[in-house]
2 protein chains.
Amino acid sequence: MSGGTGKDPSRLTPRGAATRDRIVATAADLMHRQGVAATTLDQIVLACDVSKSQLYHYFPNKDALIADVIAAQASRVILHQNSLLEQLHSMDDLEKWRDLLVAGMHRDAGYRCPLGSLANELVGRSGHAHPLLAAAFDSLRDALAGGLARLQEEGELGSEVTADELALGVIAALQGGYLLAATMQDEQPFRLAIDMALSRIRALAADR
Amino acid sequence: MSGGTGKDPSRLTPRGAATRDRIVATAADLMHRQGVAATTLDQIVLACDVSKSQLYHYFPNKDALIADVIAAQASRVILHQNSLLEQLHSMDDLEKWRDLLVAGMHRDAGYRCPLGSLANELVGRSGHAHPLLAAAFDSLRDALAGGLARLQEEGELGSEVTADELALGVIAALQGGYLLAATMQDEQPFRLAIDMALSRIRALAADR
DNA sequence: CACAAACTGGACGAAATCGTCCATCCGGCA
DNA sequence: TGCCGGATGGACGATTTCGTCCAGTTTGTG
């Protein structure tokens with residue numbers, strides 16, 4: 001959960017832990033909407049009504065805070081997706097899953113992906129952030145691949161293509177869909193991108 | 001081509017025009033690799049050996065330069081894709097097109113898309129950049145849709161799905177592929193993402 | 001209750017970065 | 001050849017932003 005670069009949360013009083021969490025949550029929200037570079041520490045401090053010294057009491061520098069923001073978003077998204085994908089047992093469940101994703105897109109966040117927007121900005125540019133983001137996408141792929149593998153075992157889906165490869169392809173479609181949706185300010189490209197990937201899976205299922 | 005916010009290129013001497021172009025090209029390269037926000041004017045000025053005043057002689061501010069960078073990248077990519085996609089006449093041509101795209105990915109640019117990386121950072125955050133990027137993706141979709149529509153007319157491809165929709169889906173797959181490739185530092189996810197989209201198209205073609 | 005550690009507040013310093021200013025140089029043209 | 005607008009060089013100012021400092025308050029514990 002924690003990026004580990006900040007202050008050891010174990011020796012924090014409840015009040016301190018709450019303040020720390022509030023900072024991370026506020027930073028995550030601002031960075032999701034404005035971008036990481038565009039979000040200043042002063043903005044964060046103002047938005048969640050803490051002082052500069054509190055921020056630097058819990059995090060050694062901005063990079064450490066960013067690391068925790070990534071960890072928080074990753075944990076949130078992965079937990080959510082795991083709980084959704086655990087119940088994947090049929091092709092129709094995949095459509096329901098897609099509908100939930102579409103419904104979960106936030107217009108007020110400019111149709112951006114909480115993880116993808118961070119990755120796009122930080123991958124290859126922040127040495128500390130990159131592995132965290134790579135691990136997050138790995139977990140996401142594992143969660144989806146787990147669900148697809150179950151479909152394969154239950155005979156709902158063919159095995160010509162690995163569950164891992166299918167999952168990665170779907171995640172790519174998701175990410176591209178997010179970008180186009182943000183650019184067009186419309187969720188339709190997102191829906192279209194997923195549907196294209198799901199059609200491929202459906203075709204593999206029809207071959208049964 | 002030009003963003004239009006800078007100095008009118010028509011009343012520029014050849015030397016001035018060359019300097020201006022050199023600034024845009026250098027800025028485009030740096031921004032592609034480091035990101036827009038992370039690229040400072042001092043870096044640009046240093047990298048192409050011009051002085052600060054020259055930069056401000058040709059562009060009123062950084063945003064205007066960014067607009068020209070977007071325009072330059074968009075024009076470059078779209079011209080290239082148009083010339084490639086004009087020759088699209090069969091399913092196999094699509095595979096060749098994919099191979100060219102894979103070969104065109106630059107490891108030294110962190111496997112990032114020249115347009116996608118700009119869009120990810122600027123869309124929804126820079127009022128001037130957004131429409132330029134949206135238009136660029138529209139042109140890209142038109143170029144691809146034109147090729148796919150030709151396949152449909154020639155009976156190579158079914159018309160159950162619009163050429164426009166297919167094209168948008170493929171572009172989404174491309175963009176997602178770029179992001180995952182950059183995150184994993186490997187071109188395989190990119191190839192996988194495109195192949196998933198092309199499989200869908202191939203399935204529509206097989207229905208003939 | 002007393003004391004130490006955790007917590008809080010906000011002013012301050014230092015560096016980076018955008019943008020300005022002005023003096024000088026070059027190149028075509030009457 | 002002399003002139004004038006475009007082109008160039010680099011120092012300078014103003015602002016933003018990360019990070020520091022220290023003084024004061026709250027909380028848990030012997």
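**DNA contacts and cavities**

Trainee: Which helices each supply at least two residues of the surface near DNA strand D?

Mentor: In this predicted model, both chains take part, with chain A giving one helix and chain B giving two. Helices here are DSSP runs of H or I, at least four residues long, numbered from the N terminus, and "near" means a heavy atom within 4 Å. The helices are α3 (52-58) of chain A together with α1 (14-34) and α3 (52-58) of chain B.

Trainee: Nice. Which helix gives the largest share of that surface?

Mentor: Around DNA strand D there are 18 residues, with K52(A), K62(A), S51(B), S53(B) and Q54(B) the closest. Four residues of the surface come from the leading contributor, α3(B).

Trainee: What percentage of the DNA strand D atoms within 4 Å of the protein belongs to sugar and phosphate?

Mentor: Start with the phosphate oxygens of DNA strand D: one lies 3.0 Å from a polar side-chain atom of Y56(A). In chain B, a side-chain N or O atom of H57(B) is 3.1 Å from a phosphate oxygen, and for Y58(B) the distance is also 3.1 Å. These pairs fall under polar contacts, meaning N or O atoms within 3.5 Å. For the DNA atoms within 4 Å of the protein, the sugar and phosphate share is 67%.

Trainee: On to the interior. How much space lies in the largest cavity?

Mentor: A cavity is a set of points, on a 1 Å grid over the protein atoms alone, where a 1.4 Å probe fits but cannot get out. The structure holds four cavities of 30 Å³ or more. The largest has a volume, the space filled by probe spheres set on the points, of about 230 Å³.

Trainee: Which residues lie nearest the centre of the largest cavity?

Mentor: Its lining has α6 (116-122) and α8 (163-184) of chain A and α6 (116-122) and α8 (163-184) of chain B each supplying at least two residues. Of the 25 lining residues (an atom within 4 Å of a point), those nearest the centre are G116(A), N120(A), L179(A), N120(B) and L179(B).

Trainee: And how much space lies in the second largest cavity?

Mentor: Here α8 and α9 (188-206) of chain A and α8 and α9 (188-206) of chain B each give at least two lining residues. Among the lining residues are M196(A) and M196(B). The space inside is about 70 Å³.

Trainee: Which conventions apply?

Mentor: Residues count from 1 along each chain as written, with chains lettered from A and ligands numbered from 1 in written order. Local features need pLDDT of at least 70, side-chain atom pairs 80 or more, while totals for chains, interfaces and linings use all residues, and side-chain values rest on heavy atoms, without hydrogens and water.

How values were computed:
Polar contact = N/O pair within 3.5 Å; in protein donor to acceptor, adjacent residues only side chain to side chain. 1 Å grid on protein atoms, 1.4 Å probe; cavity = no way out; pocket = protein on both sides within 12 Å on 5 of 7 lines; lining within 4 Å.
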